[in-house]
Amino acid sequence: MVPYPSWLNAGDTSWQLTAATLVGLMSLPGIAVLYGGLVQRKWAVNTMLMAFAGFSMVLIVWVLWVFKMGFGQPWIGQFVGRPNTVVGAFNEQGQAHIPLVSGAGFMPKFHFSQSALVYFQFVFAAITPLLFLGSVIGRISFKVWIIFVPLWSTFAYAVNAFLLWGGGYWAQKGALDFSGGYVIHLAAGVSGFVAAAVVGPRLKRDREHGVPNNLLFVSVGAGILWLGWNGFNGGDPYFAGADAAAAVVNTNLATAIAMMTWIVMDMVFSSEKKPTFLGGLNGMICGLVGITPAAGYVNGFGAIVIGLVCSSIVWVAWYYLPKYVWPFNKVDDALGVVYTHGFAGLFGGLLVGLLADPNMIVYLGLGKNPSISGAGLFYGHPHQLLIQAEAALTIIVWDAAVTFVILMVIKHVFRMNLRLPDEVLEIGDVAVHGEEAYPSDELVSVGASSIADEASRRAALPDGKVPEKAARASADDT
């Protein structure tokens with residue numbers, strides 16, 4: 001009797017499950033706490049619930065059909081895989097396999113089960129719509145969100161994954177996206193921006209005074225993101241080897257450089273000449289995102305360059321584009337996802353085409369089989385930059401079109417309003433969910449007598465009397 005089959009390596013399996021859990025923590029509670037603290041207090045519950053619900057919706061469709069579309073047998077040319085489930089016994093305990101990739105020249109055969117691969121790739125799929133939730137928060141309908149997420153995962157994310165990670169067209173052409181600079185972050189930035197344009201803006205007052213409700217919560221979410229990224233980039237070689245460790249070091253190095261770059265630029269070039277926590281947070285995200293497509297392909301010097309360049313470019317875009325350049329000055333991207341994820345993911349991917357070091361070995365070759373690595377323009381492969389640019393353009397065009405079409409279908413075929421009514425936007429969480437993140441002892445007026453009446457009823461004493469506080473609040477509301 002043995003604990004596992006001959007093809008399973010306990011170390012690789014352990015690291016893969018650990019890395020997946022780290023990435024999962026980036027969503028829950030990471031994104032939920034980060035975004036929940038960044039928004040106005042009236043939207044904290046809505047933001048957290050949409051993060052948890054989005055995570056759940058992706059997992060449901062992931063195991064029923066989306067995983068195989070991204071990592072299964074080819075279905076429509078080299079564009080997307082054939083839909084199928086991964087809930088049977090073989091797909092839970094059989095050896096992990098990506099038909100066009102593992103053992104097919106791109107990487108060795110996996111040494112862990114299919115369930116480990118399914119869950120690892122799920123947490124990547126789940127965090128992507130949660131990232132661009134930041135673009136549409138504070139006005140998108142919750143009902144629209146839970147319909148949109150599974151549709152987007154099916155028609156956008158699955159295609160992105162197959163093209164670059166599942167052995168599809170751009171993988172065959174040699175495009176490099178180590179851990180999702182294109183598949184996840186560029187996609188999130190583009191889709192979030194398009195969704196923000198289609199759904200419409202927040203209330204004017206909320207746009208002008210969108211003050212975070214809890215920076216301490218923001219710091220907790222940001223810290224979870226930073227350290228969770230060790231699993232994000234460190235898990236993507238799929239083996240607990242030297243390249244996984246190198247990817248972790250490069251990730252942290254690029255992030256530290258990018259964060260300090262933004263802080264220094266704020267101190268030197270901003271109108272107030274002050275370092276800010278939110279500015280440093282933007283720089284941190286730029287570094288994490290920028291290094292993601294490159295983590296295991298570049299050396300430490302390349303990581304430093306990526307952190308510096310991505311943070312600098314996004315800093316300029318953040319302060320310049322919303323003021324002077326169409327369409328950025330017309331679209332209400334609430335948390336600036338198009339900048340910190342879209343732009344940073346794009347330029348991080350392009351910099352792979354310059355900085356990929358062929359001496360950074362992802363998989364060692366044996367006999368006549370060469371080692372697997374990447375080489376950029378600065379290392380004698382100028383064509384890599386063109387490949388990176390063409391792959392990025394594909395993601396931008398496809399995801400923008402799919403996002404627009406899905407929202408139009410929801411609006412015109414399902415006949416649902418994408419944006420909540422202004423009177424609901426005035427109130428926020430209490431109107432949408434009947435809950436608030438920071439309830440007070442006294443009932444706060446929400447402009448609806450039914451809510452006040454219900455609160456008074458629940459507060460009634462056994463003898464039928466209503467406490468003075470509730471009675472006074474009810475009278476004020478009516």
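Trainee: Where is Pro327 placed?

Mentor: In this predicted model, Pro327 sits in the loop between α12 (300–324) and α13 (337–355). Helices here are DSSP runs of H or I with at least four residues, strands are E runs of at least two, and numbering goes from the N terminus.

Trainee: What about the peptide bond from Trp326 to Pro327, cis or trans?

Mentor: First the general idea: most peptide bonds are trans, and most residues other than glycine have a negative phi. The Trp326 to Pro327 bond is cis, with omega near 5 degrees. Another cis bond joins Leu28 and Pro29, at an omega of about 15 degrees, and Pro29 lies in helix α1 (residues 10–38).

Trainee: And phi, what is it for Arg415?

Mentor: Positive, about 55 degrees, though Arg415 isn't a glycine. You'll find Arg415 in the loop between α14 (383–412) and α15 (422–427). Arg415 counts as exposed at 73% relative accessibility; buried means under 20% relative accessible area, exposed over 50%, partly exposed in between (1.4 Å probe, protein chains only). Lys273 also has a positive phi, near 55 degrees, in the loop between α10 (242–269) and α11 (277–291), and is partly exposed at 46%.

Trainee: Over which residues does pLDDT stay under 50?

Mentor: pLDDT is the predictor's confidence in each residue, from 0 to 100. Where it is low, don't read the predicted coordinates in detail. Residues 454–478 stay under 50, with 24 contacts (heavy atoms within 4.5 Å) beyond four places in sequence. The protein's mean is 93.

Trainee: Any ground rules?

Mentor: Residues are numbered from 1 along each chain as its sequence is written. Local features need pLDDT of at least 70, side-chain atom pairs count only at 80 or more, totals for chains, interfaces and linings use all residues, and side-chain values use heavy atoms, leaving out hydrogens and water.
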